[in-house]
Amino acid sequence: MRCPYCSCEETQVKDSRPTEENAAIRRRRVCPDCGGRFTTFERVQLRELVVVKRSGRKVPFDRDKLQKSVEVALRKRPIESDRVDRMVSGIVRQLESAGETEIASSIIGAYVMEGLRALDPVAYVRFASVYRDFREAADFQEVLGEIARDDLIDTPHQVAKKH
């Protein structure tokens, strides 16, 4: 593993431990040249995935990009990072087990929307505003109406309390 500080190619592993319910290995590394310390993660990758963008352009799937987009939606929300990691890992597992190597970005977006909806309604609306390309306030009202309808369906005893 190349050192991110000095580009030395002979870094040493100082500590390894499992993370994410044993789905990854976290390695603490040190560079013998500059003394820099950094962490790497090793995950199982079942197949090389390619994302097909709306424009038709194809790019390699990037788990870190998926993680960052979810974290942006969850910024300043009271959600533990391990729940976010589990959600992202679940999405990646779904994509890898789908059997396809090329996946439309809309499918990935739908998985993220589903995960965020269960995790945090505010993050869901934030992500939806970008994913669905909201142009006006009515777009927000529509999504908020969906959430309210789902909440009524999920918790019918609350309807009885309101009347």
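Let me begin with helix α4, where the buried residues, meaning those under 20% relative accessible area with a 1.4 Å probe and protein chains only, are Ala-123, Tyr-124, Val-125, Phe-127, Ala-128 and Ser-129. Helices here are DSSP runs of H or I with at least four residues, and strands are runs of E with at least two, numbered from the N terminus. After α4 comes Asp-133, whose phi is positive, near 55°.

I should say early that this is a predicted model, in which local features need pLDDT of at least 70 and side-chain atom pairs count only at pLDDT 80 or more, while totals for chains, interfaces and linings use all residues. Residues are numbered from 1 along each chain as its sequence is written, and side-chain values use heavy atoms, with hydrogens and water left out.

Now to the largest nonpolar core, a set of buried Ala, Val, Leu, Ile, Met, Phe, Trp, Tyr and Cys residues joined through side-chain atoms within 4.5 Å. This core has 29 residues, and among those touching the most other members are Phe-61, Val-70 and Leu-116. Two or more residues come from each of α1, α2, α3, α4 and α5, and α2 gives the most, with 6 residues. Leaving aside neighbours within four places in sequence, Leu-116 is in contact (heavy atoms within 4.5 Å) with residues including Val-70, Tyr-124 and Phe-127.

Finally, 3 strands form an open antiparallel sheet in the order β1-β2-β3, where two strands pair if DSSP finds at least two bridges between them. Strands β1 (12-19) and β3 (37-43) each have a single partner strand, so one side of each is left without a neighbour in the sheet. Between β2 and β3 there are 7 bridges, and Ile-25 has Glu-42 in β3 as its bridge partner.

Methods:
Buried < 20%, exposed > 50% of the residue type's maximum accessible area, 1.4 Å probe, protein only.
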